[in-house]
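Biologist: I should like to learn how the features of a model such as this one are read. Could we begin with the strands?

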Amino acid sequence: ADGVKADRVRVIYNGIDFSRLGCPDGSLRSVLDIPEHALVIASVGSLIRRKGHDVLIRAFHGLPAADGGPHLIIAGSGEEEGALRNQVCGLGIERRVHFIGDTKGDPRVYKAADIFALASRNEAIPLAVLEANYFGLPIVSTTAGGITEVVTDGHTGLLAPAEDVAKFRDALERMAADNAMRRSMGSAGRARVE
């Protein structure tokens with residue numbers, strides 16, 4: 001589209017510095033007062049419209065809330081933070097949604113989670129997904145942009161169309177309900193990122 005010949009174009013994927021991720025000190029669950037038995041979904045990314053955090057929050061709200069319900073950790077900062085916090089309060093889930101600001105890749109976010117979720121409307125190759133894979137997390141994401149190049153639907157995660165709250169919620173619910181699937185997809189994601 002930009003006039004560059006196709007034979008002169010190649011894709012160089014993001015890589016991650018495994019040594020930077022290291023071994024996290026301390027438990028983010030205890031810092032955030034999340035029960036050890038609770039299911040935790042994490043998302044890392046700028047709080048901007050493109051990242052679809054509003055879609056993730058609506059999908060999360062629709063999950064069953066038995067036994068206190070799952071928790072959602074959102075790491076990032078950006079112009080939509082106020083609107084997202086208002087959305088969470090309006091849905092009455094502020095006790096289970098934790099905004100922790102920009103963590104600069106703090107590995108405790110991934111270590112605290114059981115599932116990594118990214119509801120992007122548009123995306124290139126999200127580094128956060130690769131980091132989540134490194135920690136053996138299964139992924140629930142959208143089919144936006146380059147996500148399908150790093151998440152294999154049904155193998156390393158579950159994918160839903162961008163903006164489709166119902167299908168994203170269904171994918172989260174399936175993943176949350178199936179511990180064996182989470183382990184299997186998490187292992188496959190770890191092997192792929194390595």
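**Reading the sheet and a loop residue**

Modeller: In general, the strands of a sheet are joined by backbone hydrogen bonds, in either the parallel or the antiparallel sense. In this predicted model, six strands form an open sheet in the order E3-E2-E1-E4-E5-E6, and their pairing is parallel.

Biologist: Which are the edge strands?

Modeller: An edge strand pairs on one side only, and here the edges are strand E3 (97-99) and strand E6 (157-160). From one strand to the next, the twist averages 20°.

Biologist: Over how many bridges do E2 and E3 pair?

Modeller: Strand E2 (residues 71-75) is joined to E3 by three bridges in the parallel sense. Within E3, Val 97 is the residue opposite Leu 72.

Biologist: Which strands does helix H3 touch?

Modeller: Helix H3 (residues 53-61) packs on the sheet and touches E1, E2, E3 and strand E4 (115-118). The direction of H3 makes about 170° with that of E2.

Biologist: Let us turn to a loop. Where does Pro 35 lie?

Modeller: Pro 35 belongs to the loop that runs between helix H2 (28-31) and strand E1 (40-44).

Biologist: Why does Pro 35 count as partly exposed?

Modeller: The partly exposed class lies between 20% and 50% relative accessible area. Pro 35 falls in that class because its relative accessibility is 33%.

Biologist: Which residues does Pro 35 touch, leaving aside those up to four places away in sequence?

Modeller: With those set aside, Pro 35 touches Arg 29 and His 71. Pro 35 and His 71 are separated by 36 residues in sequence, and their C-alpha atoms are 9.3 Å apart in space.

How values were computed:
Residues numbered from 1 in each chain as written. Predicted model: local features only at pLDDT ≥ 70, side-chain atom pairs only at ≥ 80, totals over all residues. Heavy atoms only, no water. Helix = DSSP H or I, 4+ residues; strand = E, 2+ residues; numbered from the N terminus. Buried < 20%, exposed > 50% of the residue type's maximum accessible area, 1.4 Å probe, protein only. Contact = heavy atoms within 4.5 Å. Pairing = 2+ DSSP bridges. Axes fitted to C-alpha atoms, helices over the stretch in contact; angles between N-to-C directions.
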